[in-house]
Amino acid sequence: MAATRLKKEELHTSVSDPVLDTMNFLNGITHRYPKAISFAPGRPYDGFLDVEQIVTHIRRYLSHLEENGASAADIRDVILQYGPTSGRIRELIADSLRKDENIDVAPEAIVVTVGCQEAMFLTLRAVLSAPEDVLLVSSPCYVGITGAARVLGFEPAPVQERPDGFHCADLATVLAAERARGSRPRAFYVVPDHANPSGNTMSIEERHALLALAAREDILILEDSPYRLVSPGPQEPTLKSLDRAQRVVHLGSYSKTLFPGARVGFAVADQPVVDQEGNTGLLADEITKIKSMITVNTSPLGQAAVAGMLLAADGRTSELNTETTAYYGSAMRAILQELDSAFPAPDRAAVGVRWNEPSGGFFLTVDTPFRADNAALVRSAEEYGVIWTPMSYFYPRDGGDHSLRLSVSYLSNEEIVEGVARLARFIREESRRAR
């Protein structure tokens, strides 16, 4: 009997989407050139992850349950059974959001998810319902939102960032164009702080303008901001903390602030939902229904570890991240200093290279006179021993062909110094060839 062979063209179109191959390509090239210095991974620095502390965090949470009247059987159930789909630690997350971000919502408005990626997917599935529905995204944008939308069968509409970041007027233009072609804009996804991949931060003026525009145009804002609490200096207020009309769905994650292996994220969805009978619930309730058919619940062990860490800091994750914030701030200053040294101002224009200067986060972008594509990346890894990410990966449509993303989060200062030296040699040679 012949073995089953499936035709790829008969599978969902998303499996052939190049966006879904980008991370596989980067992982492959990183493993193929293990001695290369990689500016590609946007992952937290390993030096702050302590395996032994995880047990301590879980025990702290169990003690907390016991102190609040839980029996041995109750505790066993909390740790070893499925648990509620919406999550077991919503009260602790709500407390942390109030203290860290001035976001004041009831625990019932929170859904605990398997990382922020699930929060994105579930929210999109809940709010995009008809073929004419459109998700708008700040472009360039995180590939996870683009991939999630396309898996669900929706093509995101990009709102192009300017060199200095997002401008509300550009969103208004795209909204008008989408409505003119018969589409129904439903939501706008944005990373307002130290964005992945650009590194840009939205000004306070643009935040207020965006909230006003969302109210006028009747759209939701999907706010994803994982880098705020690991970035130095005072931060602009979150969109959700400024939200007075329940226009913002705040998508969160503990991957950067605590540890990524927990796979604990959340969606803050306090928007009222009214059914045909006039009954009112929350968008969080609808998201929970979908989650029950996708992942059932978020790992109780992961939630317990996160809960123990939140309890240790009285809900203030910012206090847990004092060292990491200093480390990432130092890494960003180091790479900017090395780029300045490698390309002095008088020399920069001649080479045709420029970069932005983020105030925090993990990423910055470098513009080059040559195509920074996969072929250039292979040459960079093979001949110069340095890896980066093509910015074209992050554009839902065309764009970013002459830019690359650098991540500073996973490297030591020594690796940054050597990595920039290698990158500078590569850029100079490629620029010479491009002339």
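Biologist: How much space lies in the largest cavity?
Modeller: About 200 Å³. Keep in mind that this is a predicted model.

Biologist: OK, and how many cavities of 30 Å³ or more does the structure hold?
Modeller: Three of them.

Biologist: Back to the largest one. Which residues lie nearest its centre?
Modeller: Those are Glu-101, Ser-225, Leu-229, Ser-253 and Phe-266, out of 17 residues that line the largest cavity.

Biologist: Which elements give two or more residues to that lining?
Modeller: Helix H4, residues 90–101, and strand S7, residues 248–253.

Biologist: What's the lining like by class?
Modeller: A mix: the largest cavity is lined by six nonpolar, seven polar and four charged residues.

Biologist: Switching to H4 itself. At what angle do the axes of H4 and H11 cross?
Modeller: Roughly 40°, and the two axes come within 10 Å. H11 is the helix at residues 300–312.

Biologist: So is H4 parallel or oblique to H11?
Modeller: Oblique, because of that crossing angle. Angles under 35 degrees would count as roughly parallel.

Biologist: And the crossing, left-handed or right-handed?
Modeller: H4 and H11 cross in a left-handed way.

Biologist: Which residues meet there?
Modeller: On the H4 side you have Leu-92, Ile-93 and Ser-96. They meet Ala-307, Leu-310 and Leu-311 of H11.

Biologist: How many charged residues are in that contact?
Modeller: None. The contact of H4 with H11 has five nonpolar residues and one polar one.

Terms used:
Residues numbered from 1 in each chain as written. Predicted model: local features only at pLDDT ≥ 70, side-chain atom pairs only at ≥ 80, totals over all residues. Heavy atoms only, no water. 1 Å grid on protein atoms, 1.4 Å probe; cavity = no way out; pocket = protein on both sides within 12 Å on 5 of 7 lines; lining within 4 Å. Points joined across faces, edges and corners; volume = space filled by probe spheres on them. Helix = DSSP H or I, 4+ residues; strand = E, 2+ residues; numbered from the N terminus. Nonpolar A, V, L, I, M, F, W, Y, C, P; charged D, E, K, R; others polar. Axes fitted to C-alpha atoms, helices over the stretch in contact; angles between N-to-C directions. Parallel < 35°, antiparallel > 145°, perpendicular 65-115°, else oblique. Left-handed = near helix turned anticlockwise from the far one by under 90°. Contact = heavy atoms within 4.5 Å.
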